[in-house]
Amino acid sequence: MQHRAGMLLITYALLFIACQATPEAREEITSPPPATETLLEGNTSTPEEEAEFTAQRMRLVEGIISAGITDPAVIKAMQTVPRHKFVLPEYLDQAYANHALPIGYGQTISQPYIVALMTEALDLEASDKVLEIGTGSGYQAAVLAEIVEQVYTVEIIGALAEQAAERLNALGYHNVEVMHGDGYFGWEEHAPFDAIIVTAAPDHVPPPLLAQLADGARMVIPVGPPGGYQELWLIERHGDEFTTTSLGGVIFVPLTREVREK
């Protein structure tokens with residue numbers, strides 16, 4: 001199974017080299033927009049409430065460790081990032097529950113265990129440059145930013161891209177750059193990347209993302225049909241060859257291709 005998938009990935013890479021597609025319009029969010037209706041506005045809390053959120057976060061991470069996460073940098077990042085700042089106000093009481101939550105626009109903030117699993121699988125170094133496809137609320141980008149030097153993240157929904165850029169800036173994650181665009185094409189201007197993480201499921205591995213992996217780099221990506229069985233793959237590049245390892249079955253929102261403002 002892994003060998004067949006690896007051969008399929010190589011085929012995609014060769015197709016990409018032979019015939020590169022032209023990316024759709026994209027917009028880099030270079031500075032935070034004026035304050036609008038963002039998740040941050042509804043998520044102000046007292047010192048006592050913050051202390052309770054911290055206690056809940058520590059208990060969540062204890063559960064993640066029990067489930068098998070061992071990387072100290074990932075554990076520290078999960079202990080540090082305030083997930084309650086990335087969820088809608090009506091879901092604050094579930095901010096540290098170990099499941100996905102809606103964030104609007106048909107998108108979700110991923111299950112914390114899956115965030116930790118995917119991040120750990122990338123085997124990150126502090127000096128790494130990472131590309132994320134599917135910014136969403138910005139939570140995964142914040143976890144990455146706690147570990148690596150630079151994060152580039154692409155979001156196809158303009159409103160989410162703007163809100164995430166504002167939120168990440170307000171929380172002090174100045175090593176994250178957000179772009180509104182079609183993540184299928186990656187972010188070629190900043191390639192190659194030491195790691196790529198995809199937080200929505202395409203029905204195949206996008207060839208541009210394979211091309212933007214540095215030699216020796218890793219990509220974690222869910223692949224499968226919307227509403228059907230999806231598999232989480234770890235892909236490693238070795239020169240012009242790619243190896244694949246299954247990390248198990250998952251459920252992600254689909255990787256959409258229509259760039260829209262809202």
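**Aromatic pairs, a buried glutamate and strand pairing**

Both F53 and Y96 are buried. In this predicted model, the two residues form a tilted aromatic pair, with ring centres 6.2 Å apart and an angle of 50 degrees between the planes. F53 belongs to helix α2 (residues 47-66), whereas Y96 lies in the loop between α3 (72-80) and β2 (101-104), so the pair ties together parts that are 43 residues apart in sequence. A search of the whole structure finds 5 aromatic pairs.

F86 and Y139 form an aromatic pair with edge-to-face geometry, 5.7 Å from centre to centre and with 65 degrees between the planes. This pair links distant parts of the chain, since F86 is placed in the loop between α3 and β2 and Y139 in helix α5 (residues 139-145), 53 residues apart. F86 has a relative accessible area of 0% and is therefore buried. The value for Y139 is 3%, so Y139 is buried. The ring of Y139 also has a charged neighbour: the charged end of R83 sits over it, at 5.7 Å from the ring centre.

Ring pairs further link Y152, W187 and F193 into a cluster. Within this cluster, the ring of F193 has the charged end of K129 over it, 5.6 Å from its centre.

A charged residue, E155, was examined next. E155 lies in strand β5 (residues 150-155). Its relative accessibility is 4%, and E155 therefore counts as buried, the cut-off being under 20%. The side chain of E155 places a polar atom 3.2 Å from the backbone nitrogen of T135. A polar atom of the E155 side chain likewise lies 3.0 Å from the backbone nitrogen of I157. Leaving aside residues up to four places away in sequence, E155 touches G134, T135, G136, L160, A161, M179, H180 and G181. T135 thus appears both among these contacts and as the owner of a backbone nitrogen facing the glutamate side chain.

Two of the residues touched by E155, L160 and A161, are among the buried residues of helix α6. The helix comprises residues 158-170, and its 13 residues should span 18 Å at 1.5 Å a residue; the end C-alpha atoms are 18 Å apart, which agrees. Helix α6 is mostly covered, with 10 of its 13 residues buried. The buried set consists of G158, A159, L160, A161, Q163, A164, A165, E166, R167 and L168. Just after the helix, G172 adopts a positive phi of about 90 degrees.

Strand β9 (residues 230-238) is also mostly covered, 8 of its 9 residues being buried. Strand β9 pairs with strand β8 (residues 213-223) in the antiparallel sense over 6 bridges, and W233 in β9 is the bridge partner of I221. The hairpin of β8 and β9 has 6 residues between the strands, and G224 takes a positive phi near 160 degrees. Strand β9 also pairs with strand β10 (residues 241-250), again in the antiparallel sense, over 9 bridges. In this pairing, I235 stands opposite T244 in β10. The hairpin formed by β9 and β10 has 2 residues between the strands, and G239 in its turn shows a positive phi of about 65 degrees.

How values were computed
Residues numbered from 1 in each chain as written. Predicted model: local features only at pLDDT ≥ 70, side-chain atom pairs only at ≥ 80, totals over all residues. Heavy atoms only, no water. Buried < 20%, exposed > 50% of the residue type's maximum accessible area, 1.4 Å probe, protein only. Helix = DSSP H or I, 4+ residues; strand = E, 2+ residues; numbered from the N terminus. Pairing = 2+ DSSP bridges. Polar contact = N/O pair within 3.5 Å; in protein donor to acceptor, adjacent residues only side chain to side chain. Contact = heavy atoms within 4.5 Å. Phe/Tyr/Trp six-rings, centres within 6.5 Å; stacked < 30°, edge-to-face > 60°. Lys NZ or Arg CZ within 6 Å of the ring centre and 35° of its normal. Expected span 1.5 Å × (residues − 1).
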